[in-house]
Amino acid sequence: MIFYHKDTFFFKLLCFKTINFLKYVGIIFFMGCLMGFNTNKSVAMWSRYGSCQQNDICIDKQIDTMVAKTSVKINKATLDSNKVLGDTNVITDTLALLDTNTQISNISSDSLDQKIDYSAEDSVVINLKDYQFKLYGKSKTKYGETDLNANTIIFYQKKQTLEAYGTTDSTAQDLLNNPTIVDKDITSISDTILYNIKTGKGLTKNTYFQQGEIFIHAESMKKVSPTDYYAKKVNFTTCNLDHPHYSFGSSKSKLINKKLGLANATFPEVEGVKIPVALPFIIYPIVNSNRQSGFSLPAINENQRYGFGLEGGSYYKVINDNIDLKLTTNLYLYGSVQTSLGGNYDYRYRFKGGFLLSYNYDRIRNTTYTSSQEFFNSSSFGIRLNHNLDPKVRPGITFSSNINFQSSNLNQSQVSNLNSIYQSQAQSSVSFNKSWDDLVLLNLSLNHNQNNATHNYNFTLPSISLTLQPQYPFQKKNATSPKWYEKLSLGYTGTFLNNFQYNDTLPNIGNQISKNIRWQATHNVPLQLTLPQLGPVTVSPFINYSENWAGSGIRQKWTRLKRADTTMSYDTLIANLESGLIRQPSVSLGISLSTRLFGTFLFDSSKRVLGIRHQLTPSLSFSYTPDVSKPFVYKVQVDTMGRVQTFSLLTGSAINPGQQGNISFGLDNFIEAKVRDYSDSTKIAYKKVKVIEGFGITGSYNLLADSFALSPLSIYFRTTLFKTLSLNAGATLDMYKTNAFGYRVNTYNIDFKNGKFGRFTNAFLNVSTSFSSKKDDEESNKNNTTSNQDNIITPDDQLRQQQNAYSNPQDYLDFKTKWNLNLSFGINYTNSLTPNFSQQINTVTANTNISGDFSITEKWKIGASVYIDLTPFQLGNLQLTISREMHCWQLSITAIPFGYYKNISIIFQPKSQLLRDLKINRTRTYY
């Protein structure tokens, strides 16, 4: 009898050894019953079902090879030959269980380091005598990261090599099931494949494969390392047809995976015909990424004012994974040089941005004949910079900058981008924000805007804003249900602005800045209280105190001036700065009420429209503002009739002074309908349709004013009809009459008998819609899949895409869409006084934009884009495009036949982005 303790080490060891021993004895006994035992020479074991072919060994049962853990040593696993079918051999197995304390050893040198998964449609055959394994009929193998598909696959265990072949059809003409090998990210199709599993080296015959956008065909190809290939008699192209429309052929080539390809003397081929013009060598990228250093060929342009030109020639350099640079130059025969250096940088989770530095020297031929000079010389420059700090780098701090500063004549030199010529505005903004526990917010910004048409530059350097979030001085800590007086909040907002402006056409810019510089500061202290709701009504009283400070005032003067070119004179208003501190306080208090009302109208359930839901949002507020502006206002004559207007010394604008007791009101409407959806025939379904997305009116009435108490009423309306027609309208309604000179009089312009209810001072209507033919489902699904790959786009990238689409419409034509049409129409009406307050004038402007394209045939498409000014009727810009789709190439003819900037361009280029620069371009510009 043996006595033991259950927690002893020897007990645990004895149990562990006994369980392992019984487990492996059971496995050996089970396999021995199936196959018998023998201990001769060692060969590899293949585990799958198979079937017989000719005199080879037939395996009719699956053999599962199990490898013990490291605590068990398997010395040999052998299969030998004994009779099982006629003269064939029987498969036997011997597993010798030796010392359980040693490691696995004596593994055969021809064994594999990974499992091979395989299948075959016809049969799987093992020849044990020659150590061969054969797969017949649509065979597949997977070894590590390498997949091989072929009609016939033969594995030689001693050599560790694979051979793969295709087969022919019944006519012995066309190959079927050609060997296809997928090695990591390279897929190749060949007639014959010889491949070494362990070394990864191989040889293929008549091989086709693709990397990125390039398709490569080689008569023979040898793989010498995991990344390097050598090829003989190579043709590469971006055309995906079996017989490509074009290709580039060379006798020898070297391919480096994920990098580039190198070839000796290369001849272009079109439709299989070799062109006897050779390139001495060629280097082409074979990577999926677009970030590859290299040169971009210039396009040819002939301009009436600049002369013959080479445009868009550039060099793109990838510095590293985070930084790239691009240098672009335009050269013209008459001596103009336009150059720009741009770059982008992106450090994930830190910051990202980009820059563009431009300098143009223009020597333009005089085509106006208004001067004796033959050429005009000018220079211009531009700076664009954007930088954004990742907010996760320093929580509580954000920094962003978007600088766009340029000479006012810079865009006039961009002859290769006509869209930029019409851009007259440029803005810059640099912003820094800092928060302390979401209690105090500090904003520091620098701003700039310019008008290139008027040559005026305005700067705000700097703009500082300090905000204290609303505080609740009476609120108790950890209060679950605060009382009404505990909801009293007090906040603070302070701003400081420093402004100056200048005009670059006037002399002495420094003197202009010193005379126009002006600082302003504003302090605002709001006091608000949210009272308990009175049923559905929310009540919020408020008190607001503010002070406006300025370092100088703006005083308007009625002055007589002489014309520069004559002895005649005229009277007008002139604004001058008056130095001195101006402090203008203001205070207002009031109460606001708001609520929402709902109404539902139901109809017969058998009708298409089941019901209409109406949401009404009224708002009402009362405020009192005492008059504290008397020391800061003045009166001045404004026209030749001697009329006088009150102006603010702080802003220099016309105002209506006096205390105010305003009742402000607003009413907004939202209407939607529930209708039956007939698109689904399998069941009864319903959908909601927005009838009116917004329709309302806002205004105010001053109870304390002695005249003109009712403010102009603002009316707005917006909706979308038939899912495609967008409608947006608005107007301003003045309820007072005007005299014969257009000056307002304190009499309401209301006469219901004659249909008069105020007068419109301005109104607008914008309508836009688009129509297009349907694509087939396959193309639509493809577009939906690709469109979701990147939903994030910056405003700068969006602007560049729009400009590129405008300049190169042929790149954005969709031949799968038979036709599409985009329409927009806008009309504006304005009734206002002239700048010298002498008379009232009416101004009506209307314009329309029409763009679209349609396919004449399956391969021909024409398109047009036109802007029409309807008052007066005048073509602002007309652009025509004719395109021919040629599978892997595209021919486009673009013309602007009317207007100041007339242009015609003929482009023949590959559709592939990789070879987009191999284009034939002919452009002429007339202006």
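**A walk through the side-chain pairs**

Start by selecting R583, which is partly exposed at a relative accessible area of 43%. Here buried means under 20% relative accessible area, exposed means over 50%, and partly exposed covers what is in between (1.4 Å probe, protein chains only). This is a predicted model, in which local features need pLDDT of at least 70 and side-chain atom pairs count only at pLDDT 80 or more, while totals for chains, interfaces and linings use all residues. Residues are numbered from 1 along each chain as its sequence is written, and side-chain values use heavy atoms, with hydrogens and water left out.

**Salt bridges**

Add E547 to the selection; E547 is buried, with a relative accessible area of 9%. The side chains of E547 and R583 form a salt bridge of 2.7 Å, N to O. R583 belongs to strand β37 (residues 569–594) and E547 to strand β36 (residues 538–562), so this pair links distant parts of the chain, 36 residues apart. Next, select D734, R744 and R759, which are joined into one network by salt bridges that share partners.

A salt bridge is a side-chain nitrogen of Lys or Arg within 4 Å of a carboxyl oxygen of Asp or Glu. Side chains of opposite charge can pair when their charged atoms come close. The structure holds 10 salt bridges.

Move to K233 and E219, another salt bridge, where the closest N and O atoms are 3.8 Å apart. K233 is in strand β17 (residues 228–237) and E219 in strand β16 (residues 214–223), so the pair ties together parts that are 14 residues apart in sequence. K233 is partly exposed, at 45% relative accessibility, and E219 is also partly exposed, at 38%.

Then select D390 and K392, whose side chains meet in a salt bridge of 3.2 Å, N to O. Which end is buried and which exposed? D390 counts as buried, at 14% relative accessibility, whereas K392 counts as exposed, at 58%.

**Rings**

There are 23 aromatic pairs in the structure. Rings of Phe, Tyr and Trp (its six-membered ring) pair if their centres lie within 6.5 Å; planes under 30 degrees apart count as stacked, over 60 as edge-to-face and the rest as tilted. Select F295 and Y315 for a tilted pair, with 4.6 Å centre to centre and 45° between the planes. F295 lies in strand β23 (residues 294–296) and Y315 in strand β25 (residues 307–318), so the pair ties together parts 20 residues apart in sequence. F295 is exposed, with a relative accessible area of 70%, while Y315 is partly exposed at 31%.

Now select F381, F405, Y457, F459, F500 and Y502, which form one aromatic cluster.

**Charges over rings**

Look at Y156: the charged end of K159 sits over its ring, 5.8 Å from the centre. At F267, the charged end of K274 sits over the ring, 5.2 Å from its centre. A charge sits over a ring if NZ of Lys or CZ of Arg is within 6 Å of the ring centre and within 35 degrees of the ring normal.

**The whole protein**

Finally, clear the selection and colour by secondary structure. The protein has five helices and 57 strands; helices (H or I, at least four residues) and strands (E, at least two) are DSSP runs, numbered from the N terminus. Of its 927 residues, 33% are buried.
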